[in-house]
Amino acid sequence: MGMSSSFFPGLRVGRLQYRLPLLSGSPPSHLLPRHFLQSTLLLLPINSVGRSRAIRFTSLSTSPSAQGRSSVRAVATASASSEMVKAIRVHELGGPEVLKWEDVEIGEPKEGEIRVKNKAIGINFIDVYFRKGVYKAPTMPFTPGMEAVGEVVAVGPGLTGRKVGDIVAYAGGPMGSYAEEQILPASKVVPVPPSIGPVIAASVMLKGMTAQFLLRRCFKVENGHTILVQAAAGGVGSLLCQWANSLGATVIGTVSTKEKAAQAKDDGCHHVIIYKEEDFVSRVKEITSGNGVDVVYDSVGKDTFQGSLECLKIRGYMVNFGQSSGTPDPVPLSALAPKSLFLTRPSLMQYTITRDELLEAAGEVFASVASGVLKVRVNHTYPLSEAAKAHADLESRKTSGSVVLIP
């Protein structure tokens with residue numbers, strides 16, 4: 001390329017070998033082939049022992065003509081292409097104390113991926129299930145967390161539709177949001193409207209999309225229905241009450257304290273039952289004149305499951321979407337027969353399989369927040385390093401509304 005002998009070999013592009021100068025800053029664009037202006041990262045040798053320095057460029061989209069060429073990749077050692085960030089790691093299953101604050105290695109995004117610097121991380125009970133081993137994590141050790149909002153800091157080669165500086169959210173998978181930064185499939189994130197801040201978005205993505213599919217798809221709640229929401233002051237419960245009320249349903253909710261009863265009432269619960277003071281089955285039958293409810297949304301599990309079944313009307317729907325008190329006892333199919341009941345154990349992941357389903361669910365959640373249908377209560381925030389304390393408070397029912405970790 002006509003460069004002097006002071007240039008180093010070591011950066012391979014396609015089938016050609018280029019030589020680049022030893023630079024203290026970003027290389028001037030006139031020294032680089034046009035291909036380089038489309039890449040996300042260059043790795044340049046900076047000393048005689050072969051250590052490399054990463055230089056990032058802000059132009060991240062690939063033009064249609066460039067997409068037809070061979071992708072530009074820097075060849076370097078694994079250690080040279082990665083950095084260290086802080087994250088919560090789980091090395092053994094157990095209580096909140098197994099959540100450890102550690103350094104972890106993060107690389108650069110590959111094709112179809114983005115690297116995100118998290119601004120806010122939602123805590124959900126599914127994180128507890130993985131930590132305890134109720135659900136099996138794909139690897140061990142692992143970084144928990146299924147929901148976060150952050151800023152895109154790098155995109156993989158050839159990716160369009162996302163750029164550095166975008167604020168994006170994701171919920172449901174892949175696991176690993178309890179980290180300062182993470183690599184995500186671009187297909188799993190959604191853009192966050194400018195009117196919604198990162199903390200609010202992180203607190204409502206997973207819980208809001210859960211409420212959306214429970215009310216709109218799993219059992220379609222309509223005007224005139226009567227529903228029972230267990231744990232009505234919880235993160236999902238609060239949203240269920242608000243949304244169902246706006247749809248014209250009569251909402252009955254159970255809570256553990258008078259303080260939570262006041263919140264549930266404010267969220268649109270027409271009838272609030274403090275289950276520590278009265279039997280919720282008897283109270284539901286009294287409220288419904290013995291008819292029962294059309295649907296029960298139960299995230300408590302073992303402690304409420306049997307009673308929830310008893311609260312249903314003929315052909316009612318039992319929707320168990322969590323088990324904060326433990327796994328419910330097995331139910332024989334014959335137990336459903338006397339009232340021809342429907343029983344389902346749904347998961348958000350099966351209701352957002354396609355990109356269109358994901359965008360529809362997230363869009364409806366953000367629209368409901370923007371319109372005021374949903375009031376998001378972020379009652380508790382913790383530093384990411386204190387995730388163990390946040391889990392302990394969540395499990396002991398010291399929290400209400402949404403809980404968010406701040407990196």
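The legends below describe close-up views of salt bridges and of one helix in a predicted model.

**View 1. A salt bridge between strands β5 and β6.** In this view the side chains of K86 and D103 come together in a salt bridge, with 3.4 Å from N to O. The two partners belong to distant parts of the chain, since K86 sits in strand β5 (residues 83-90) and D103 in strand β6 (residues 99-106), 17 residues apart. K86 counts as partly exposed because its relative accessibility is 27%, and D103, at 47% relative accessibility, is likewise classed as partly exposed.

**View 2. A salt bridge between strands β15 and β16.** Here D294 pairs with K313 in a salt bridge whose closest N and O atoms are 3.4 Å apart. This pair also links distant parts of the chain, with D294 in strand β15 (residues 293-298) and K313 in strand β16 (residues 312-320), 19 residues apart. With a relative accessibility of 15%, D294 counts as buried, whereas K313, at 29% relative accessibility, counts as partly exposed.

**View 3. A salt bridge within helix α10.** The side chains of D393 and K389 meet in a salt bridge, with 3.1 Å from N to O. Both residues lie in helix α10 (residues 387-395), where they are four residues apart, or about one turn of the helix. D393 counts as buried because its relative accessibility is 10%, while K389, at 46% relative accessibility, is partly exposed.

**View 4. A network of charged side chains.** E83, E108, R115 and E181 are joined into one network by salt bridges that share partners. In the model as a whole, the count comes to 19 salt bridges.

**View 5. The buried side of helix α10 and what covers it.** The buried residues of α10 are A387, A390, H391, D393 and L394. They lie on the same side of α10 because the arc that they cover around the axis is only 165°. The elements that cover these buried residues include the strands β5, β6, β7 (113-123), β18 (378-383) and β19 (402-406), together with the helix α2 (125-132). Among the buried residues of α10 is D393, which is also the salt-bridge partner of K389.

**View 6. The residue R397 after helix α10.** Helix α10, which spans residues 387-395, is followed by R397, a residue whose phi is positive, near 60°.

Conventions. Residues numbered from 1 in each chain as written. Predicted model: local features only at pLDDT ≥ 70, side-chain atom pairs only at ≥ 80, totals over all residues. Heavy atoms only, no water. Salt bridge = Lys/Arg side-chain N within 4 Å of Asp/Glu carboxyl O. Helix = DSSP H or I, 4+ residues; strand = E, 2+ residues; numbered from the N terminus. Buried < 20%, exposed > 50% of the residue type's maximum accessible area, 1.4 Å probe, protein only. Arc of directions from axis to C-beta. Contact = heavy atoms within 4.5 Å.
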